[in-house]
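Good morning, colleagues. Please have the viewer open, as I shall refer to individual residues throughout this short presentation.

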Amino acid sequence: MENQTNKKGTLVAIITMMFLFAMIAFVTNMAAPFGTIWKQHYEWAGMMGNMMNFLAYLFMGIPAGLMISKYGYKKTALVALALGLVGIGIQFCSSAMDGNAIITYIVYLLGAFVCGFCVCILNTVVNPMLNLLGGGGNRGNQLIQTGGSLNSLAATLTPMFAGSLIGEITKDTSLNAVRPLLLIALIIFAVSFVIVWFTQLTEPETEKTDVLGGVKEALHYRQLKLGIIAIFFYVGIEVGIPGQLLFYLSEPVANGGVLGSAATAGLIAGVYWMLMLVGRFVSAFISGKVSSRMQLTVTSAVALLLLLVAIFMPETSKMSLSIPNLAESTFDHVEVPTKVLFIILCGICTSVMWGVIFNLATEGLGKYTATASGLFMTMVVGGGVMPFIQNLVATKVGDIQSYWIIVGMLAYMLFYALIGSHPSKKA
């Protein structure tokens, strides 16, 4: 009877963590569509909301891991959801202000920054708990990939919904257009808080270590040190590929852009996240048999090849797409450069990278897993820094040429898969 109770508690914990995994993508993926609005007012502002969202990881990564060690996973998750309510609330307030004013933008960025604390803490909770509930190794990675499938589903729907609300982008477009999405986000966070509050979680035991001692000991593991660099680049890759594609496609035709519609661009970019969903779903079935190292090796190499093809393919090569018009319940026929297809296909490759890097970086860390997770989360700031740099480069050399930055980061991922991820601890 006791064994059945423990199994039931473990199942409830797994389901709860997977739901929170979806929340992470929902909050994170609002930034890029919102950025298409701000870019029309301030050229440098497109990725700043995303930057603020990820900048919070730099400050909250380690404290989040320590919160788990001191207060447990459930209380830490509740703190994260409360911060999410505050952050979305601030952004909702900014949507009611003067749409083009710089003060409105500052308030919006503040809300994005607070939301960043929320998703950082949720990430720190969800990944190690799923890994530990699965017993580590391939089974732990399998649970992370399953949760990642729900994460990708939310990531797919968010830019599509946001884009349909924004529609055609003009100088008069403001955050007021996406108020319904922000209101939905407020409701979801409130409901999530209540669900987690009343859920009885069976938590893995955590080792209470001192701050400096835990961090210092965790950093003795070479696979973790190189892994946190890998995760810095990975999140930059995951966010930068569809983020820059969104700008590339939504730029007004009058300015030399491809489509000029945030709605259509959001639907096309959303396919990238949909392919991530497919990749994670497949990985959830094969991760018990295929090692994390092999998955990272293959996906890094294939993504490199896809992006190189996209960069060198001529702009004149076009393909015709039928895009659903959500507002009129019809289909619009549009032409886009064929290279867009190769960029989108990278979603299958990036889909498994988060789980396998986390799995490889924390393998064998034992009682330092929570502390390592905090260090790991700190470097997720790369999801703000690298896309911001890529976006600045794009203003100088063009959207497609900016993908050379992604190519460089993928090369490091391949190095980590082949060499850097092998467990090793300094004496």
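I shall go through a surface patch, a helix pair, a salt bridge and several contacts between positions apart in sequence.

Please keep in mind that this is a predicted model.

I begin at the surface. Five residues, namely Phe-19, Leu-183, Ile-187, Val-191 and Ile-195, make up a nonpolar patch there. Together they present about 420 Å² of accessible area. Which helix supplies the largest share of this patch? That is helix 7, spanning residues 179-198, with four residues. Phe-19, for its part, belongs to helix 1, which covers residues 2-28. The relative accessibility of Phe-19 is 36%, so this residue is classed as partly exposed.

I turn now to the packing of two helices. Helix 9 runs over residues 222-250 and helix 15 over residues 382-397. Their axes come within 7 Å of each other, and the crossing angle is roughly 40°. How should one describe the orientation of helix 9 and helix 15, given that angle? Angles under 35 degrees would count as roughly parallel, and 65 to 115 as roughly perpendicular. Helix 9 and helix 15 are therefore oblique to each other. As for handedness, the crossing of helix 9 past helix 15 is right-handed.

The next topic is electrostatic pairing. How many salt bridges does a search of the whole structure find? The search returns one. Its partners are the side chains of Glu-315 and Lys-339, with an N to O distance of 4.0 Å. This pair connects distant parts of the chain, the two residues being 24 residues apart. Glu-315 sits in the loop between helix 11 (292-312) and strand 1 (318-325), while Lys-339 is in helix 12, residues 339-350. Are the two partners buried or exposed? Glu-315 has a relative accessible area of 38% and is therefore partly exposed. Lys-339, in contrast, has a relative accessibility of 3% and so counts as buried.

I close with four pairs of positions, each described by a C-alpha separation.

The first pair concerns Thr-104, which lies in helix 5, residues 102-133. With 1% relative accessibility, Thr-104 is counted as buried. Its C-alpha atom is 9.0 Å from that of Cys-93, and 11 residues separate the two in sequence.

Next comes Gly-72, located in the loop between helix 3 and helix 4 (73-95). Its relative accessible area is 12%, so Gly-72 is buried. Gly-72 and Val-125 stand 53 residues apart in sequence, and the distance between their C-alpha atoms is 9.0 Å.

Pro-63 is found within helix 3 itself, residues 48-71. Here the relative accessibility is 32%, and Pro-63 is therefore partly exposed. What is the C-alpha separation of Pro-63 and Thr-378? The separation is 9.4 Å, with these positions 315 residues apart along the chain.

The last position is Met-413, in helix 16, residues 404-420. Met-413 has a relative accessible area of 0% and is thus buried. From Met-413 to Leu-296 the C-alpha distance is 7.6 Å, while the two are 117 residues apart in sequence.

To recapitulate, I have described the nonpolar patch to which helix 7 contributes four residues, the oblique pair of helix 9 and helix 15, and the salt bridge of Glu-315 with Lys-339. Thank you for your attention.

How values were computed: Residues are numbered from 1 along each chain as its sequence is written. This is a predicted model: local features need pLDDT of at least 70, side-chain atom pairs count only at pLDDT 80 or more; totals for chains, interfaces and linings use all residues. Side-chain values use heavy atoms; hydrogens and water are left out. Patches are made of residues with over 30% relative accessible area and no salt bridge: like charges are joined within 9 Å, nonpolar side chains (Val, Leu, Ile, Met, Phe, Trp, Tyr) within 5 Å. Accessible areas come from the Shrake-Rupley method with a 1.4 Å probe; for residues, only the protein chains shown count as cover. Buried means under 20% relative accessible area, exposed over 50%, partly exposed in between (1.4 Å probe, protein chains only). Axes are lines fitted to C-alpha atoms, for helices over the stretch in contact, and angles run from 0 to 180 degrees between N-to-C directions. Angles under 35 degrees count as roughly parallel, over 145 as roughly antiparallel, 65 to 115 as roughly perpendicular and the rest as oblique. A crossing is left-handed if the near helix is turned anticlockwise from the far one by less than a right angle, and right-handed if clockwise.
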